[in-house]
Amino acid sequence: MSSIALYVFLAMIIGVVFYHFEDKILSFIEKTLNVKVKKRNCKSLDCYTYFGLNILLSLILIIFLFCLYFPVVIDNNNFPVFVGFIFMFLYPLIFMMIRKNTFNENTISYAGLGHSPRNMLEKCTGYCPIWYWLLSLIIGGSSTVWGFSMLNFPEIPLYAGLIILFSGLISQTFILFPDIIDKFISIDMKTIKGLKLMLIITVILSIILIALRVIIITFLI
């Protein structure tokens, strides 16, 4: 069995174990942190509170990152890239858990829809952590991981990697302040239109970050 297949198999085994004990794990977290993780006893996405979605996704990604450690760090000796993946995947979730007063069910708004929500996108109006995690993930993938990766090569100037790294982290953080952005524009950021606008902002930021990386690699290295 190849090393990649072994890591995939390990992730599947841990994932099955987690799925089996998920309710007990989340119940322990609820009691320990005194927070509400699940709204009802089921496993679809709308069974969890917004804080609970952050918790669930964080636990799944910790399993993923644990298995990713072996091919990235052990096999390829690239610890900075592994740290980059941690910031790319987990940083926005932790940040949203800290900002739990913003990323919660109280922000759900069906204004302008004119009907009851029918699908996941409409159910996740408001500052839904799933969508904002994905937006931050796009930005992190276009810059943050690259910045950490550049730190692994001694021939690349340290400042070049740090510029890419911090520009990525700043952009990832910026996208997690929809409530602040909401104060400066006329579109309600808690609606689908607001989510689409955040997607446009995310794409623009990603293009800028990719262009910055190209400029640094072309002219400064």
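**Entry 1. The record.** UniProt positions are given here in the numbering used for this structure, with feature names shortened, and the annotations may be inferred rather than shown by experiment. I note at the outset that the model is predicted. I then looked up what the record says about membrane spans. Under "transmembrane region", the UniProt entry, which is unreviewed, lists residues 6–26, 47–73, 79–98, 130–150, 156–177 and 197–220.

I examined two of these listed spans in the model. Residues 79–98 are 95% helix and 0% strand, and the C-alpha atoms at the ends of this span are 26 Å apart. Residues 130–150 are 100% helix and 0% strand; here the end C-alpha atoms lie 29 Å apart.

**Entry 2. The chain as a whole.** I asked how many helices and how many strands the chain has. I found nine helices and zero strands, and the order of elements from the N terminus reads α-α-α-α-α-α-α-α-α. The C-alpha trace spans about 55 × 50 × 30 Å along its principal axes.

I next looked at burial and surface. The chain has 221 residues, and 46% of them are buried. About 12000 Å² of the chain is exposed, and 72% of that area comes from carbon and sulfur atoms. I also looked up how far apart in sequence the contacting residues are. Taking contacts between residues at least 6 apart in sequence, I record that 66% join residues at least 24 apart.

**Entry 3. Domains.** The domain assignment divides the chain into domain 1, residues 1–77, and domain 2, residues 79–220. Where the two domains are in contact, domain 1 contributes 20 residues and domain 2 contributes 26 residues. Taken over C-alpha atoms, the centres of domain 1 and domain 2 are separated by 22 Å.

**Entry 4. A nonpolar patch.** I looked for nonpolar side chains on the surface. Leu6, Phe9, Ile13, Val17, Phe21 and Ile25 form a nonpolar patch there, and together they have about 500 Å² of accessible area. I took Phe9 as an example from this patch. Phe9 belongs to helix α1, which covers residues 3–33. Is Phe9 buried, exposed or partly exposed? Phe9 counts as partly exposed because its relative accessibility is 45%, which falls between the limits of 20% and 50%.

**Entry 5. Two asparagines with positive phi.** I searched the backbone for positive phi angles in residues other than glycine, and noted two. Asn34 has a phi near 55° and sits in the loop between α1 and α2, the latter being residues 50–75. Asn34 counts as exposed because its relative accessibility is 71%. Asn77 has a phi near 50° and sits in the loop between α2 and α3, the latter being residues 79–89. With a relative accessibility of 62%, Asn77 likewise counts as exposed.

**Entry 6. Helix α4 and its surroundings.** I then turned to the interior. Helix α4 comprises residues 91–98, and among its residues Pro92, Leu93, Phe95, Met96 and Met97 are buried. Against which elements do the buried residues of α4 pack? They pack against α2, α3, α6 and α7, the last of these being residues 158–174.

Asn54 gives one view of this region from helix α2, where it lies. Asn54 is buried, since its relative accessible area is 1%, under the 20% limit for burial. Leaving aside residues up to four places away in sequence, Asn54 touches Leu93, Met96, Met97 and Pro129. Leu93, Met96 and Met97 are also among the buried residues of α4.

**Entry 7. Ser142.** I looked up Ser142 in helix α6, which runs over residues 129–150. Ser142 counts as buried because its relative accessibility is 9%. Beyond residues up to four places away in sequence, Ser142 is in contact with Ser206, Leu209, Ile210 and Arg213.

**Entry 8. Asp182.** My last entry concerns Asp182, which is in helix α8, residues 178–182. Is Asp182 buried or exposed? Its relative accessible area is 16%, so Asp182 is buried. I also listed what Asp182 touches when residues up to four places away in sequence are not counted: Tyr127, Ile187, Asp188, Met189 and Lys190. Finally, I compared positions in sequence and in space. Asp182 and Gly194 are twelve residues apart in sequence, and their C-alpha atoms are 8.5 Å apart.

Notes. Residues numbered from 1 in each chain as written. Predicted model: local features only at pLDDT ≥ 70, side-chain atom pairs only at ≥ 80, totals over all residues. Heavy atoms only, no water. Patch = residues over 30% accessible without salt bridge, like charges linked within 9 Å, V, L, I, M, F, W, Y side chains within 5 Å. Areas by Shrake-Rupley, 256 points an atom, 1.4 Å probe, with all protein chains shown as cover. Salt bridge = Lys/Arg side-chain N within 4 Å of Asp/Glu carboxyl O. Helix = DSSP H or I, 4+ residues; strand = E, 2+ residues; numbered from the N terminus. Buried < 20%, exposed > 50% of the residue type's maximum accessible area, 1.4 Å probe, protein only. Contact = heavy atoms within 4.5 Å. Domains from an automatic or database assignment.
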